Amino acid sequence: MLNAEQLQQLRDADKIDDATLEKQKKRLADKVLHGLPAPKQKNGVIYVVLAFFLGTTGLHNFYAGYWGRGLAQLCLTLIAPWFLYIPLLFVSVWVLLELLFVSKSAHEIPFGGSRKTIIILRSAAILLLAFSFSYSSLITEEADFTPFIEQL
């Protein structure tokens, strides 16, 4: 956790904006007054991997401290079978957007970890999804379902 002097230096160097500076100063004051432990920086690589593999369960949001989002995603995933899996489609798009655009934890602390690795994982997720959609459309276009239909 940074101290007030380091925060001001970051603001002077235009690395953080005024709103972030004030939030961080308030967090420091709360920590000093209440003796609360400072929130830890989360690893962005872990966040992206959790979002890709277990995203619909909301586990990546629980990891980053977004308990409300995680709970909403988990509940929508659990009720999806009763609603023809439509909520699962919604959650999947939601998770993809989070995987691509979320870069801070719930405590407004930027994710740690290698930025290059995070960018590579995000790019790989996009490429893998694009490939799987294009491959699945090829399979359905080339499939001949007439023998199955004739049996019915």
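Y85 is partly exposed, with a relative accessible area of 46%, and this residue makes a convenient place to enter the structure, which is a predicted model. Y85 sits in the loop between helix 5 and helix 6, and its phi is near 65 degrees, a positive value in a residue other than glycine. Most residues other than glycine have a negative phi, so a positive value is worth a second look. E108 also has a positive phi of about 65 degrees although it is not a glycine, and E108 is found in the loop between helix 6 and helix 7. At 29% relative accessibility, E108 counts as partly exposed, because values between 20% and 50% fall in that class.

With these two loop residues in mind, we can step back to the whole chain. The chain has eight helices and zero strands, and the order of elements along the sequence is α-α-α-α-α-α-α-α. Of the 152 residues of the chain, 22% count as buried. If we take the contacts between residues at least 6 apart in sequence, 51% of them join residues that are at least 24 apart.

How do the helices on either side of Y85 pack, and at what angle? Helix 5, which covers residues 67-79, packs with helix 6 at an angle of about 150 degrees, and their axes are 8 Å apart. Angles over 145 degrees count as roughly antiparallel, and helix 5 and helix 6 are therefore roughly antiparallel to each other. Helix 5 passes helix 6 in a left-handed crossing. On the side of helix 5, the residues that take part are R69, A72, Q73, L76 and T77, and they meet P87, L88, F90, V91, W94, V95 and E98 in helix 6. Sorted by character, the residues of this contact divide into eight nonpolar, two polar and two charged.

One of these residues deserves a closer look, namely F90, which lies in helix 6. At 52% relative accessibility, F90 counts as exposed, because the class of exposed residues begins over 50%. F90 and A80 are 10 residues apart in sequence, and their C-alpha atoms are 9.9 Å apart in space.

The start of the chain offers another pair of helices. Helix 1 (residues 4-12) and helix 2 (residues 18-34) pack at an angle of about 175 degrees, with axes 10 Å apart, and these two helices are therefore roughly antiparallel to each other. Here A4, L7, Q8 and R11 of helix 1 meet D18, L21, Q24, K25 and L28 of helix 2. The residues of this contact divide into four nonpolar, two polar and three charged.

We now turn to the interior. In soluble globular proteins, nonpolar side chains tend to be buried together. In this model, the largest nonpolar core has seven residues, which are V48, A51, V91, V95, L99, I118 and A125. Helix 3 (44-54), helix 6 (86-101) and helix 7 (115-142) each supply at least two residues of this core, and the largest share, three residues, comes from helix 6. Two of the core residues, V91 and V95, have already appeared among the residues of helix 6 that meet helix 5. Which residues does I118 contact, leaving aside its neighbours within four places in sequence? I118 is in contact with G44, V45, V48 and G112. Apart from this core lies another one, of five residues, among them Y47, A64, V102 and F111.

Conventions: Residues numbered from 1 in each chain as written. Predicted model: local features only at pLDDT ≥ 70, side-chain atom pairs only at ≥ 80, totals over all residues. Heavy atoms only, no water. Core = buried A, V, L, I, M, F, W, Y, C linked by side-chain atoms within 4.5 Å. Buried < 20%, exposed > 50% of the residue type's maximum accessible area, 1.4 Å probe, protein only. Helix = DSSP H or I, 4+ residues; strand = E, 2+ residues; numbered from the N terminus. Contact = heavy atoms within 4.5 Å. Axes fitted to C-alpha atoms, helices over the stretch in contact; angles between N-to-C directions. Parallel < 35°, antiparallel > 145°, perpendicular 65-115°, else oblique. Left-handed = near helix turned anticlockwise from the far one by under 90°. Nonpolar A, V, L, I, M, F, W, Y, C, P; charged D, E, K, R; others polar.
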